[in-house]
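Reader: Could you take me through the place where the two chains meet? I'd like a close look at that one part, and a connected story rather than a list.

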Amino acid sequence: MKIGLEIHQRLACGKLFCGCPSTMAEQDAKPDLIIRRRLHPVFSELGEIDLASKAEFEKDRSFVYQVFAGSDCLVEMDEEPPHRLNPEALSIALELAQHLHMKSVDELHVMRKIVINGSNTSGFQRTAIVALDGKLETSRGEIDIPLLAIEEESAGDVGTSGNETTYRLDRLGIPLVEITTTPDILDGAHLVEVAEKIGMMMRATGKVARGLGTIRQDVNISTEKGARVEIKGAQDLKMLPMLAQNEVKRQDALVAILGELRARFKGKAVLNGGISDVSQIFKSTKSPLISKGIASGSSVFGLALEKHAGLIGREIQPGKRYGTELSDYAKAAGVKGIIHSDEDMAKYSISDSELSALRGMIGMKPDDAFVLVVAPAEQAKAALTKVLERARMDFVPEETRRANPDATTTYMRPLPGRARMYPETDVPPIPITAELLKAVSKGETLEEKKARLLKMLGNAEMADKMLRSRNLGLFEKLVEGGAEPMLAASTLENTLVSLRREGAEIKEPGPVLEELFALYGKGKFVKSAIPDILKEVAKGKSVADAGKDYSIISGKELEKIAKDLGYDLRAIMSKYRTRVDSKELDRILKGDIRK
Amino acid sequence: MLKKKGIEAGDEVTIACPKGSFTGLLMPRPEGAPDTFVLKLPSGYNLGISAKGASIVLVRKSGKKEIRHEPEEGRGDISILGCGGTIASKVEYKTGAVYPAITPAELRAAFPSLAKLAKIHSRQLFTLFSEDMNAHHWKLLAEEAAKEIRAGSHGVVVMHGTDTMTYTTAALSFMLQDLPAPIVFVGAQRSSDRPSSENEMNMLNAVFSAKQDLGEVALCMHASSSDDYCHLHRGTRVRKMHTSRRDAFHSINSAPIAAVDYQNNRFEPLSGYRKRSGQASGLKAETKLNDNVALVYVYPGIKPKFIEKLDSYDGVVLIGTGLGHVPVNSFNDKTAHSILPQVKGLMDSGIPVVMAPQTIHGRLNMLVYTTGRMLVDAGVIGDGMDWTPECAFVKLCWVLGQTKDMKKVKELMETDIAGEISGRSPIGVY
């Protein structure tokens, strides 16, 4: 088994080829403008077109684009040529390359990578190699990092309805780095280590975007007897070992099915592939699925798969069968799913007589299987054609698959052939000069940062927590401004978290904490008041006002309180814990005892 | 250095440099640092490697390029003439080179729906960016378009760069009157080598328009930012109003001729237009033109000397402010500088001066203010006209090709020849 990793990480700066911010509109925001477009593949000199493009083109799609005025301009709408490549993004990419000990190119050439599923309004993705030939140390040896590229994010997929796919343009153009490893990752655990290490290295620079969806991990897995499969969209690192394991199992199970078929056919499997309209069998069916379909104008089409009895229902992934694969191929033609003979017909309320009529009509023998599709005639035929295509493959196909939350995968499309790329002539080549490289602040390595945090905090657990934290940048800023490291760290990592759990979330902790620690530094309140002050701020009070409510009681006033409460430490603290400096109180009480 | 080793662009090479060794195809050098090699890696990516301290070794020479000869095809129903605007391209992904598609077979490959729409034949007249075109090319194009129509073409489509397309459409409108067949100009704002190019829709709608009962020179481009339908604009009324948008072309002071959508067989008239008229066999292009005309943008503080120095031209079009004004110092203020004497000087020496609006939209009226009246008294032509500056310029060039007589020039300029002047300002078109 060979495993490779491809990471796409969004950068924390404006869009790559225009002046828009890399902020996305709210999930449920209404677009400011809707435009409709079609894309057409540009044939090469030799009239070739690669498999994945062909697949898209066959669908004859049109695209609806949602434009959001706060995140999009004419560039995203493909109504204006790209601006110069964002120098801040380039700088961040060069810094990341340096952390991976890579060699940057001497001149950066932006390329157009043809994409015609509509996820780029221009019909291509702009991408460029920034650096090559890097390395990552892991606990089980060195991994090669052959490529770091900078490219633009695609538009967000909203959904497909019939022939129309809708995308949101707010995501389009956000800068990404793509980091690719060689397929030398040893196993699932190693995969997690590599992904974590690269992820942490990037986050420690403070210059990459944080939050859901800002990093995507694609895993390439190939097995000896199977094929190379690209699994996209595994968001949760913890899922990776299971994902890899399930994919290997899936490929092995498919190989076993192929072997079984060869045995049954006593040689190469031959499928005759007759697709027939069997609607008349179900004219008065009691099956709700089928009768509803027919009533709304759909037909029922059937396909016999010779000698496949029992194989379609065989489980190849946890909870997924070979039939699920066939169904996913059918779905690519726009139908909702298939019905196959290894299922329990009672599930669909298909009667025994309907079943035997069907078997007769499509000419099935006892060890054959069938696949049915209920859909408008043209779509149904197209779907079964895809199923037949898949069933006829006497090998495990190379595919792009989607990672599911349960660590299984689902077919998306055929693995693309070599990317069709040609130069982006609207953006001139960018020399990567010595001056530019010098100006790129490499900053600390991950190891150096780890050591520095440990020294600052004196606590290994908190240092590790801070290193992985989204608040690392803010932490450094607060410490630079004079805050006590441990206090800043625990406020960020513990206090804010428990406040959020209580429903008292502070939306913009940066300015709040800066002001808080400035006032604390001036001695306006005591450490133990901080959580309560923040709770008030979460409710809407300003830091200054909340701070006043907890102003320190000291001097004569404190002495009076101590006296009034009989110098009883417990009584005093239970009432004034958040208002008194324990050291001062201690002095007063001790003084009294001496009295 | 490359020549010495017999290495050319397209050859497979290995470049060894301090950073490592890279094998790929050597790319032709685009504009940029001359001391950098550009290499295309097997993955398809290009990158630049400094030639300093690098050595290059030939691995394999590129194969000779096969020139495919396509069989000659007969005349089509619709003629497509190319002026260089690449409305159709092919990309060679191996090297990244982009080639224009011009033969009928290439156009049919680029636009699969074309064959269903019409039988075409095509030829390239010349290859220029449209900003490099001038009166010579307008004349050539008018003669070639007339030739096509005389030979039996039912309609002509002209592929032209978008920058100066409307100067050419205006020129052809004056040079070819009483058209028995339409001449439809088409272009693309997004270069045609990209999948998002609006070229396909524009081209097919242009061919569809060329089949209609239309006897004018027109321009067919996107009506909106969506790929839904095109507008067909009158050649004397259209202007490019945006540097880059698909829907950059607008009709000025009038509605477009029609909304066009070949997919739904829709040719929806939006204003009146001339139908086919006259005999195809008798079509002649009146290409006499005097292009020694200056088009001058007027601005506050424009120097009288500047206007004086225009006396080497045979005609001047002033793009004036507001209703058709230039500085004439109506109030005789010490701080203002009139150019009226210089304008009058031009007119008196037989150089006609024509007014056009800087505002682009709207009708000139030089009788409302003193300024305008003084210009009219001096003989400036243009009061009451609602033409665009570009069309006024082209028209003056054409008129001066017909006559030198100042009275006749004024008469011809003020006569509507090809829809460039109208008596009514329609509502709803601004």
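Author: Let's start with a bit of vocabulary: two strands pair if DSSP finds at least two bridges between them, and strands (E, at least two residues) and helices (H or I, at least four) are DSSP runs numbered from the N terminus. By that rule, strand S5 (residues 107–108) of chain A pairs with S4(B) in the antiparallel sense, over two bridges. In that pairing A:Glu107 sits opposite B:Gly48 of S4(B).

Some housekeeping before we go on. This is a predicted model, where local features need pLDDT of at least 70 and side-chain atom pairs count only at pLDDT 80 or more, while totals for chains, interfaces and linings use all residues. Residues are numbered from 1 along each chain as its sequence is written, chains are lettered from A and ligands numbered from 1 in the order in which they are written, and side-chain values use heavy atoms, with hydrogens and water left out.

Back to the strands. The cross-chain pair belongs to an open sheet of seven strands with antiparallel pairing, in the order S23(A)-S5(A)-S4(B)-S3(B)-S2(B)-S1(B)-S5(B). Its edges are strand S23 (430–431) of chain A and strand S5 (55–60) of chain B, each pairing on one side only. Within chain B, strand S3 (residues 36–40) and strand S4 (residues 46–50) pair antiparallel over five bridges, with B:Phe37 standing opposite B:Ile49 in S4(B).

Now the wider interface. Counting contact as heavy atoms within 4.5 Å, 48 residues of chain B touch 47 residues of chain A. The buried area (the accessible area, 1.4 Å probe, that two parts lose on being put together, summed over both) comes to about 4,000 Å², with carbon and sulfur atoms giving 52% of that. B:Tyr45, B:Tyr93 and B:Pro195 supply 22% of what chain B buries against chain A, more than any other three residues.

Polar links are there too. If you take a polar contact as N or O atoms within 3.5 Å (within protein, one able to donate a hydrogen and the other to accept it, with sequence neighbours counting only if both atoms are side-chain atoms), 20 residue pairs qualify across the interface, both residues at pLDDT 80 or more. On chain B's side, S3, S4, strand S7 (89–92), strand S8 (97–100) and helix H6 (199–210) each supply at least two of the touching residues. S4(B) gives the most, with five.

As for salt bridges (a Lys or Arg side-chain nitrogen within 4 Å of an Asp or Glu carboxyl oxygen), six span the two chains. A:Asp106 makes a salt bridge with B:Lys19, the closest N and O atoms being 2.8 Å apart. B:Arg246 forms another salt bridge with A:Glu79, at 3.0 Å between the closest N and O atoms. That pair runs from the loop between strand S14 (238–240) and strand S15 (249–251) of chain B to the loop between strand S3 (62–67) and helix H2 (87–99) of chain A. Call a residue buried under 20% relative accessible area, exposed over 50% and partly exposed in between (1.4 Å probe, protein chains only): B:Arg246 is then buried at 0%, and A:Glu79 is buried at 0% as well. There's also a salt-bridge network linking A:Arg112, A:Arg126, A:Glu152, A:Glu424, A:Asp426, B:Asp193 and B:Arg194.
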